[in-house]
Amino acid sequence: MSPLPPDSLAGSSAQPLPANVAAGILSVDRKGWLAAAESVREAGATLLALWGSDDRDRDGRFHVLAAYLFPSELLVVEHALAPGETTFPDLAPLFPAAGRLQRALADLLGIRADAGDPRRWLRHGSWPETVFPLRRDVDPARPYPPASDPYPFVSVAGDGVHEIAVGPVHAGIIEPGGFRFSVVGEKVLRLEERLGYTHKGVDRRFESFSQLEGHRLAARVSGDTAVAFSWAYCAALEAMTLRAVPPRACALRALALERERLANHLGDLGALGNDAGFAFGLAQFSRLKEDLLRANDAAFGARYLLDQVVPGGVAEDLAPEVEALLADQHRVLERDLLELRGIYDEHAGLQDRFHDAGRLDPGLARTLGAIGLAGRASGLPRDLRVDQPWPPYDRLAPRLAVRTEGDVAARVQLRFDEAVESLRQCRALLDDLPPGRVRTEVLAAPAGHRGLGVIEGWRGPVMVALEAGPEGSIRRCHAHDPSWQNWPLLEFAILGNIVPDFPLINKSFNLSYSGQDG
Amino acid sequence: MLDVLLRIYRTGRLSEPFPEPAGVRREREDLQAAVRSVLGRALCIRHVDAGSCNGCELEVHALNNPYYNLEGAGIRFVASPRHADLLLVTGPVSANMEEALRRTYQATPEPKLVVAVGDCGACGGVFGESYASRGGVSRVIPVDVTVPGCPPTPVALLQGILAAVSKPPRSGSPG
């Protein structure tokens, strides 16, 4: 474990935390919780995740934890609430993204911020207000009868203002969620999101998996980000057990991750064309995506690589004859991608819809704590692969793609940039594929050990925080999707736009419902 | 414009013949005939995500790509359950989606078919049954056909849709 670099302000007394990047953990009291957040914010770090744990069986306390992302390291701050205490200082004034995370914590663990929005977030009336599923004395298997659940949306008053309620079942092939628009004519004055519909109890569910099986659930936190989440899970477990993954397995994991990024970017580029009335784009890009998935099937035995990343390595090695097939595909794909990019760029009708739509300016993006792809499209130059490269990215020299316009056009261009860069990385990986084994044995970590995995998925950094229980069990596992940070951005990006542009703007972010809902 | 037309010309036709369900040869025309004889018109599908991880949605999307070209066979996805003949339901049914799924089913006119998609749609998959998950789709609404897989391939989805359409109407469904 490398020591914390000197730029860690709050890290002076931090202990190293097993992770795939440089990470430390700092224990603080109630005052320190806020003080650490303030110094972290001054240092320009962002809030990556906020979660909690019921440790009353061990020390009589609830714990709240926050992970902060610095450019070159990760710092976890942990605050053990006083025995009997169920509140902690509100971080939302410093990090707006903390707001919903704290509300979710109140729903699931029954500890809440001492200020801020008091409304529930993930609990919809499916379980009683007095039941907190993440508490160890609650039986997670017990179902509750559904109860009526009116949610107090913020209403906008004024002459001619009306509301449009959308969801949770949407008109397309898309995940469920609620949107409440307040509009005048067709102009959006306010959008309020209501998420949590796909809450499946993932965090608590992890506790019914063994440490060596938990990657299967991690892959299904958000199925379109399966490689990133299962890698983050395995990285945490491997860091805890000090198990080095064979170089060939690292390369094959990165190949899978970049192909996951490519599949999603290709799908989105097609859908964005289609949402702007250019069906040609959907036909062309969905064809390229299908070609990619079929090659995955030929290479790895599955179209979507949900179970490719396993503890200690990967499930499937790459046969030599398939390497050539993939290499060919990367060449053809790059040629087609550049041709289609030219067509998109030159298409006046398409560009007219893309430009200025759903703009999120860099200042606001920074204030709100935008991360990942949406952040990079609004000028925030952060990419874990570039900033804190873990193997094999440390030898791939990943290139950062960033745009500053913050509109739909920027998010389209960024996807083109990143797809081209992913193809370059895929080529580099195949050209220099290390020989050897693709899996090493991993033993379960001893009870009480903790570890962290962070991986730059296609939407942004995903994180898995793992704590071992006795005899190979999982005591606590928390999975965080970057959509938590980026969903609130959409509420701002839509302002002043017209309702008919919402599908296009929403698709340009393409955030995860399942990953957010947990 | 010329570059668009050239690209279309060079791409050519990609649509493939439809798969054979349960050993019965069924080309695109046969499928269309089957859909017509049961419904007398095109088949309209409403997709409902009842709590899925979004993996199944990716493969449902693929049905509309040029290779599977579902619309080419007179099968299309519609925006409202009131326009639908068949509900394609993914996910374990999350407790938070139970009521929405029930209402979507009620809003679908008879006769209606339900295809439960994926291992989760079949039995809850890795999410099982819990305070937050009701498990498989059939725990909440009647299901005609189940398509297992994680996620099921587009071919498996097509076979599931064909099997549902080819099935005799459920007792209790008028018409």
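# Two chains in contact: a guided look

The contact between the two chains takes 46 residues from chain A and 43 residues from chain B. Keep in mind as you read that this is a predicted model. On chain A, the helices α5 (214-218), α8 (279-300) and α9 (320-346) each supply at least two residues of the side that touches chain B. The largest share of that side, six residues, comes from α8(A). Sorted by class, the side of chain A that touches chain B has 22 nonpolar, 13 polar and eleven charged residues.

## Chain B and its sheet

Let us turn to chain B. It has six helices and five strands, and along the sequence they follow the pattern α-α-β-α-β-β-α-β-α-β-α. Of the 175 residues of chain B, 52% count as buried. Now consider contacts in chain B with a separation of 6 or more: residues 24 or more positions apart account for 78% of them.

In what order do the five strands of the open sheet in chain B stand? The order is β2-β1-β3-β4-β5, and the pairing is parallel. The edges are held by β2 (75-77) and β5 (145-147) of chain B; each has a single partner strand, so one side of each is left without a neighbour in the sheet. From one strand to the next, the twist averages 25°. In general, strands of a sheet pair through backbone hydrogen bonds, either parallel or antiparallel.

You can follow one pairing in detail. Strand β3 (residues 86-90) of chain B runs parallel to strand β4 (residues 113-117) of chain B, and five bridges join them. Val89(B), for instance, has Ala116(B) in β4(B) as its bridge partner. Helix α3 (residues 55-62) of chain B lies across β1 (43-49), β3 and β4 of chain B, and it runs at about 140° to β3(B).

## A hairpin in chain A

Chain A offers an antiparallel example. Seven bridges join β9(A) to strand β10 (residues 187-194) of chain A, and the two run antiparallel. They form a hairpin with two residues between them. Within the turn, Gly185(A) has a positive phi of about 60°. Val184(A) finds its bridge partner in β10(A), namely Lys187(A).

## A helix to follow: α7 of chain A

Helix α7(A) has 29 residues and reaches 42 Å from its first C-alpha to its last, close to the 42 Å expected at 1.5 Å a residue. Is α7(A) largely enclosed by the rest of the structure, or largely open? Of its 29 residues, 28 are buried, so α7(A) is largely enclosed by the rest of the structure. Just after this helix, Gly277(A) takes a positive phi of about 85°.

Two packed helices are described by the angle between their axes and the distance between the axes. Helix α7 (residues 247-275) of chain A packs with helix α16 (residues 502-509) of chain A at an angle of about 170°, and their axes are 9 Å apart. Since angles over 145 degrees count as roughly antiparallel, α7(A) and α16(A) are therefore roughly antiparallel to each other. Where they meet, α7(A) brings Asp268(A), Ala271(A), Leu272(A) and Asp275(A), while α16(A) brings Pro503(A), Leu504(A), Lys507(A) and Ser508(A). By class, this contact has four nonpolar, one polar and three charged residues.

## Some backbone details in loops

Most residues other than glycine have a negative phi, and most peptide bonds are trans. The table gathers some places to look for something else.

| Place | Backbone feature |
|---|---|
| Gly167(A) to Pro168(A) | cis peptide bond, omega about 5° |
| Cys150(B) to Pro151(B) | cis peptide bond, omega near -10° |
| Leu242(A) | positive phi, near 55° |
| Asn69(B) | positive phi, about 40° |

Where do these residues sit? Pro168(A) lies in the loop between β8 (161-166) and β9 (178-184) of chain A. Pro151(B) is found in the loop between β5 and α6 (154-166) of chain B. For Leu242(A), look in the loop between α6 (226-240) and α7 of chain A; for Asn69(B), look in the loop between α3 and β2 of chain B.

Is Leu242(A) buried or exposed? With 10 other C-beta atoms within 10 Å, Leu242(A) is exposed. Asn69(B) has 18 other C-beta atoms within 10 Å and is partly exposed.

Technical notes: Residues are numbered from 1 along each chain as its sequence is written. Chains are lettered from A and ligands numbered from 1 in the order in which they are written. This is a predicted model: local features need pLDDT of at least 70, side-chain atom pairs count only at pLDDT 80 or more; totals for chains, interfaces and linings use all residues. Two strands pair if DSSP finds at least two bridges between them. Helices (H or I, at least four residues) and strands (E, at least two) are DSSP runs, numbered from the N terminus. Axes are lines fitted to C-alpha atoms, for helices over the stretch in contact, and angles run from 0 to 180 degrees between N-to-C directions. Two residues are in contact if their C-beta atoms, placed from the backbone, lie within 7 Å. Ala, Val, Leu, Ile, Met, Phe, Trp, Tyr, Cys and Pro count as nonpolar, Asp, Glu, Lys and Arg as charged, and the others, Gly among them, as polar. Angles under 35 degrees count as roughly parallel, over 145 as roughly antiparallel, 65 to 115 as roughly perpendicular and the rest as oblique. A residue is buried if 20 or more other C-beta atoms lie within 10 Å of its own, exposed if 12 or fewer, and partly exposed in between; C-beta atoms are placed from the backbone. The expected span of a helix is 1.5 Å times one less than its number of residues.
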